Amino acid sequence: MPYANDDDFKFFKTEAFKKYAEEEGLVDYLKTFITEKKLEGIEKVLSQRTNHFTVLLEEVFKLQNVGAIIRTCDCFGLQNLHLIETDTKFKVSLKTTMGSAKWVDVNTYDSTKGAMQTLKSKGYKLVATTPHTDLSIDDLPVDEPLALMFGNEREGISDEAFEMADYKVKIPMYGFAESFNISVSAALSLHTLSTKLRKLPESEWKLTPEERKLIEAAWVCKSLDRHETIAKTFKK
């Protein structure tokens, strides 16, 4: 069984892991090697996790900004983040995300069009942030899945991404500066939208039973040292 170390969690997004996690009784067996306190923490966070919102980063240059946004996604309960890497390649690590890379799934793409088409196919409405619009982030509807797009630190999102966006929104500002730092923009946007989302019925934004089961299995494995070694001792 392949082992994913702290800096490489790609295994947990494969069909091989899905098959591994679906083995009857295995995850419950692995749980017996985890403290009750840790299991309670996993259950608590899972109960607030969502795929209703996600974040798409386009060619962000600075690793510390990517890390800060992954941590922000974790704080606001987002399970997935999407990263376009046509020119800049990142190795997302636990250190740069203060541990959050362990719990947030990072999906990478080699083109803007491919990433946006993938999200649209999953039912997401794409949201671009810009100071040149009348629609405030406060007035953005949250009754449908949203993917918030943020571009690089110099130029923002590309023209291609801007044209494909379903919504163009602004974050209210009252000073001379025309924009926030990208990680600040993400935090402010997610705080506003998350507050609104959690006023909706839970059935509209919480994980499906299938999503929850697979994520729980991944988190249980990530909570153990060499989970695959322990799994070899499992007997049905």
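Let's start with two helices, α4 and α7: in this predicted model, their axes come within 9 Å and cross at roughly 10°. Angles under 35 degrees count as roughly parallel, and α4 and α7 are therefore roughly parallel to each other. That pair of values is the usual way in, since two packed helices are described by the angle between their axes and the distance between the axes.

Who actually meets whom here? On the α4 side you'll find N65, A68, I69, T72 and C73, and they meet I182, S183, A186, A187 and L190 of α7. Sort this contact by class and you get 7 nonpolar residues, 3 polar ones and no charged ones.

Now zoom out to the core. In soluble globular proteins, nonpolar side chains tend to be buried together. The largest nonpolar core here has 27 residues, and those touching the most other members are V55, L57, I69, C73, L81 and L193. Two or more residues each come from β1 (53-58), α4 (63-75), β2 (80-84), β5 (146-150) and α7 (182-197). Of these, α7 gives the largest share, 5 residues.

L57 is a handy place to stand and look around. Skipping neighbours within four places in sequence, L57 is in contact with V66, I69, L81, H82, L83, I84, F150 and I182. I69 and I182 should look familiar, as both take part in the meeting of α4 with α7.

Strand β1 also holds T54. Is T54 buried or exposed? Its relative accessible area is 0%, so T54 is buried. The side chain of T54 does have a polar partner, though: a polar contact of 3.3 Å joins it to the side chain of H82. Beyond residues up to four places away in sequence, T54 touches L78, N80, L81, H82, L119, Y124, L146, A147 and L148. H82 and L81 thus turn up again, having already appeared among the contacts of L57.

Apart from the largest core lies another one, of 25 residues, with F12, V27, L224 and I230 among them. I230 leads us to Y29, because Y29 is in contact with I230, T233 and F234 once neighbours within four places in sequence are left aside.

Y29 sits in helix α2 (residues 26-31), and a relative accessible area of 22% makes Y29 partly exposed. The side chain of Y29 makes a polar contact of 2.6 Å with the side chain of T233. As for F234, Y29 is 205 residues away from it in sequence, yet the C-alpha atoms of the two are 7.0 Å apart in space.

Technical notes:
Residues are numbered from 1 along each chain as its sequence is written. This is a predicted model: local features need pLDDT of at least 70, side-chain atom pairs count only at pLDDT 80 or more; totals for chains, interfaces and linings use all residues. Side-chain values use heavy atoms; hydrogens and water are left out. A nonpolar core is a set of buried Ala, Val, Leu, Ile, Met, Phe, Trp, Tyr and Cys residues joined through side-chain atoms within 4.5 Å. Buried means under 20% relative accessible area, exposed over 50%, partly exposed in between (1.4 Å probe, protein chains only). Helices (H or I, at least four residues) and strands (E, at least two) are DSSP runs, numbered from the N terminus. Contact means heavy atoms within 4.5 Å. Axes are lines fitted to C-alpha atoms, for helices over the stretch in contact, and angles run from 0 to 180 degrees between N-to-C directions. Angles under 35 degrees count as roughly parallel, over 145 as roughly antiparallel, 65 to 115 as roughly perpendicular and the rest as oblique. Ala, Val, Leu, Ile, Met, Phe, Trp, Tyr, Cys and Pro count as nonpolar, Asp, Glu, Lys and Arg as charged, and the others, Gly among them, as polar. A polar contact is a pair of N or O atoms within 3.5 Å; within protein, one must be able to donate a hydrogen and the other to accept it, and residues adjacent in sequence count only if both atoms are side-chain atoms.
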